[in-house]
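Colleague: I have a structure I would like to go through with you, with a close look at one part of it. Here it is.

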2 protein chains.
Amino acid sequence: MSLEIVQQHRVHGGTLRYLRHQSAVTGTPMRFSLFLPEGEGPFPLLVWLSGLTCTEDNFTTKAGAYGPAAAHGLAILAPDTSPRGEGVADDPAYDLGQGAGFYLDATQAPWAPHFQMETYVTGELLETVVAQFPIAREKVGVSGHSMGGHGALTLALRHPDIFRSVSAFAPICSPTRCPWGEKAFTAYLGDDRAAWADHDAARLIEAGAAQGRFDDILVDQGLGDNFLAEQLKPELLEAACAAVGQKLTLRRHDGYDHSYFFMASFIADHVAFHAEKLKG
Amino acid sequence: MSLEIVQQHRVHGGTLRYLRHQSAVTGTPMRFSLFLPEGEGPFPLLVWLSGLTCTEDNFTTKAGAYGPAAAHGLAILAPDTSPRGEGVADDPAYDLGQGAGFYLDATQAPWAPHFQMETYVTGELLETVVAQFPIAREKVGVSGHSMGGHGALTLALRHPDIFRSVSAFAPICSPTRCPWGEKAFTAYLGDDRAAWADHDAARLIEAGAAQGRFDDILVDQGLGDNFLAEQLKPELLEAACAAVGQKLTLRRHDGYDHSYFFMASFIADHVAFHAEKLKG
């Protein structure tokens, strides 16, 4: 598992690296960024999952997360959103294929051989990072935005052995019940909707996946977000949590949209949330 | 002077606008971003001048300045780095022409008709913004990065009636004595080097332009910056300030490079510096 350093920068007293490695899971080169705060570690780690069209670069350059992360001594790992390259299936639309991996393992052609983002993120990527950097593997949280918010919620619910804390910005709360999710799940998982519920945060919570595992889930949602009503549907997450007694801190913010300016405004709260859950 | 809103976002409780207007000075459409903190104003204003290759977008998305600006009640204006468009002269190199206006008024063909960034920024742009938004015109500071650090220093020294505070990140401290500056000044100002000194921060200070006008100048410089020795030369600014008794707070930072990650690490200090100088 050799890692190539693509770029390295000092930021907020710590070290930010853009890294690339050959993934055995996706069968492609994969890129990610990793911020380590100053010091020896081992550091608690926040895994950040980005949204549609993003690469590992968007969060890294735009979110303003590393100041708060440095203050809390938290490392941050930000993978790309899908496998990429000439031999990898793609679709002309922005919401399918490269840049739109949806953090699940595709079972359908032509996606299946490469689009294995759930196993990549929760397995190979974390193993690689933990093996090569001073990360406390028992202190890992996950957050993300939009498609990556869906990824954060579903991966946390499906892998509570790995993730001890979870939050999201403007997540796709129930992909089985919105156009982005229905399109992607049909392509990646096939027409049998029975297989879909296992990758739907609201349905996973309704089915008891969260039971006793997370004492709180933090979600921020802008009320000026163009995707709120049709794609994101936080009310479905809210109802699911209420139905099973899962605590959810869902904050609705007047005027904020779906952009990184929204995330930059509240990322410090999410970093503090994870740092608190991961300490001790 | 009608302003077109290209984008508008809520960020850190304030409002960020990307705006476009037809400039009578450059004879082209010009773009800029403007952040206004929450409240009624009038707000003190920091003018941010970006470096080579940048547009109004780089600082706006990457610097992480709006959190600190919101906390201090400071507005921030970030113009593009040059006129642009099909009828505008350009050069294939990244350090001349579009994206490389050097914040001066060109006197030479083919640049002169459009490349009038000094008059644009200190005149038309500020007039437009002050007329249309709640800005305290007597409380304006200026900062910038690299070519924009040169711009901040030279515009502050040449227009102390406009700018009450000045700082810079990794500025080109003496463009008459480095390859970037020599190339740009030859193109924009011609071969007569006598005209160049008026746009060289170190030489302006040596000539007495700063005398009694700024009680301190804040400059941050990364020591891992690839351009430090050949292009930036903070030691020339340091020597000029020492020669005339101008206070300069020049901070050299181990390991930091020329990127926005460097600026993001220290932007809060610059925002606080300007807020302090502009209050009262």
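Which side chain meets B:Arg31 in a salt bridge? Please take that pair closely, and then set the pair beside other contacts in the model.

Modeller: Happy to, with the reminder that this is a predicted model. The partner is B:Glu56, and the bridge runs 3.1 Å from N to O. The two residues come from distant parts of the chain: B:Arg31 sits in strand S3 (residues 29-36) of chain B, while B:Glu56 is in the loop between strand S4 (43-49) and H1, 25 residues apart. Their surroundings differ in accessibility. B:Glu56 has 6% relative accessibility, so it counts as buried, whereas B:Arg31, at 29%, counts as partly exposed.

Over all chains there are 30 salt bridges, so let me put a few others beside yours. In chain A, A:Arg84 and A:Asp80 meet at 2.6 Å, N to O. Here too a buried acid faces a partly exposed arginine: A:Asp80 has 4% relative accessibility, and A:Arg84 has 27%. A:Glu127 and A:Arg137 form another bridge, at 3.0 Å. A:Glu127 belongs to helix H3 and A:Arg137 to strand S6 (residues 135-144) of chain A, so this bridge ties together parts that are ten residues apart in sequence. Both ends are partly exposed, A:Glu127 at 39% and A:Arg137 at 45%. Bridges can also share partners, and A:Asp220, A:Arg251 and A:Asp269 are joined into one network in that way.

Now to the place where the chains meet. Between chain B and chain A the rule finds zero salt bridges, but there are twelve residue pairs in polar contact. Helix H1 (57-62) of chain B, which follows the loop that holds B:Glu56, is among the elements that each supply at least two residues to the side touching chain A; the others are strand S1 (4-11), strand S2 (14-22) and helix H9 (260-278). By class, that side has seven nonpolar, nine polar and four charged residues. Each chain brings 20 residues to the contact, and the area buried between them is about 1600 Å², with 57% from carbon and sulfur atoms. B:Arg10, B:Tyr256 and B:Phe261 supply 40% of what chain B buries against chain A, more than any other three residues.

Aromatic rings also bring together parts of a chain, and the model holds 31 aromatic pairs over all chains. One of them is A:Trp48 with A:Phe169, a tilted pair at 5.9 Å centre to centre and 55° between the planes. A:Trp48 lies in strand S4 (residues 43-49) and A:Phe169 in strand S7 (residues 165-169) of chain A, so the pair ties together parts that are 121 residues apart in sequence. Both residues are buried. In chain B, B:Trp180 and B:Phe227 are tilted as well, at 4.7 Å and 45°. B:Trp180 is in helix H5 (residues 179-189), and B:Phe227 is in the loop between strand S8 (217-222) and helix H7 (228-232), 47 residues apart. B:Trp180 counts as buried at 3% relative accessibility, and B:Phe227 as partly exposed at 28%.

B:Trp180 also leads to one last residue, B:Ser146, whose contacts beyond four places in sequence include B:Trp180 and B:His258. B:Ser146 is found in the loop between strand S6 (135-144) and helix H4 (147-158) of chain B, and it is buried, at 3% relative accessibility.

How values were computed
Residues are numbered from 1 along each chain as its sequence is written. Chains are lettered from A and ligands numbered from 1 in the order in which they are written. This is a predicted model: local features need pLDDT of at least 70, side-chain atom pairs count only at pLDDT 80 or more; totals for chains, interfaces and linings use all residues. Side-chain values use heavy atoms; hydrogens and water are left out. Rings of Phe, Tyr and Trp (its six-membered ring) pair if their centres lie within 6.5 Å; planes under 30 degrees apart count as stacked, over 60 as edge-to-face and the rest as tilted. Helices (H or I, at least four residues) and strands (E, at least two) are DSSP runs, numbered from the N terminus. Buried means under 20% relative accessible area, exposed over 50%, partly exposed in between (1.4 Å probe, protein chains only). Contact means heavy atoms within 4.5 Å. Buried area is the accessible area (1.4 Å probe) that two parts lose on being put together, summed over both. A salt bridge is a side-chain nitrogen of Lys or Arg within 4 Å of a carboxyl oxygen of Asp or Glu. A polar contact is a pair of N or O atoms within 3.5 Å; within protein, one must be able to donate a hydrogen and the other to accept it, and residues adjacent in sequence count only if both atoms are side-chain atoms. Ala, Val, Leu, Ile, Met, Phe, Trp, Tyr, Cys and Pro count as nonpolar, Asp, Glu, Lys and Arg as charged, and the others, Gly among them, as polar.
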